[in-house]
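Student: Could we take a close look at the aromatic rings in this structure?

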Amino acid sequence: MTRKEFEELVFDSYGIKGDYPFDKDLETAVFRHQDNKKWFALAMRIPERKLGRKSDKIIDVVNLKCDPEIIFSLWQDEGIFPAYHMNKSHWITVCLDGSVSKKTVAWLTDISFSLTSKKLSKK
C-alpha cells in the first residue's frame, strides 16, 4: 500500500483527511477523530535507518495505535516495527512501501481508530 492509497482508505472508511499541524512540515499528516480530536494515525516520511534497516532511503510510514497484547507479535512481520518517535508499548510503525498487505494495513487502521475513539460512559 502506498501513502496515497492509505489516505484514500482513511477517507473512504472514516471520512477523514489528514491535517498538517507541524510548522514548515507539509509531509507529516495527522489523522484524528472529528469528535474528540485524538490521533489514530500519523503518516510521515523517514529514512529507513530509523527503523533499523541499513539504508538511508526515505520511505513513507504510518504510526498506528495498537492493542499491547498483539504488538510484540506484529513486530515479527515484515514492514511492521516498534513505533518511530512514539510510545512503543501502544503504537507501531507500518511501512507504506508494499511490504505490508493492504488488508493488514486496513485491519491495523481499524484497530487504531477503535482504540482512540470516544468511549461511552458507563452511566
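Which residue lies over the face of Phe-11, and at what distance from the ring centre?

Tutor: Happy to help! This is a predicted model, in which local features need pLDDT of at least 70 and side-chain atom pairs count only at pLDDT 80 or more, while totals for chains, interfaces and linings use all residues. Residues are numbered from 1 along each chain as its sequence is written, and side-chain values use heavy atoms, leaving out hydrogens and water.

Over the face of Phe-11 you will find Lys-17, 5.5 Å from the ring centre. A charge sits over a ring if NZ of Lys or CZ of Arg is within 6 Å of the ring centre and within 35 degrees of the ring normal.

Now for rings that meet rings: there are six aromatic pairs in the structure. Rings of Phe, Tyr and Trp (its six-membered ring) pair if their centres lie within 6.5 Å; planes under 30 degrees apart count as stacked, over 60 as edge-to-face and the rest as tilted. One of the pairs, Tyr-14 with Phe-113, is stacked, with 3.9 Å centre to centre and 15° between the planes. Because Tyr-14 lies in helix H1 (residues 3-14) and Phe-113 in helix H3 (residues 102-115), this pair ties together parts 99 residues apart in sequence. Helices (H or I, at least four residues) and strands (E, at least two) are DSSP runs, numbered from the N terminus. Tyr-14 counts as buried, at 18% relative accessibility; buried means under 20% relative accessible area, exposed over 50%, and partly exposed in between (1.4 Å probe, protein chains only). Ring pairs also link Tyr-14, Phe-40 and Phe-113 into a cluster.
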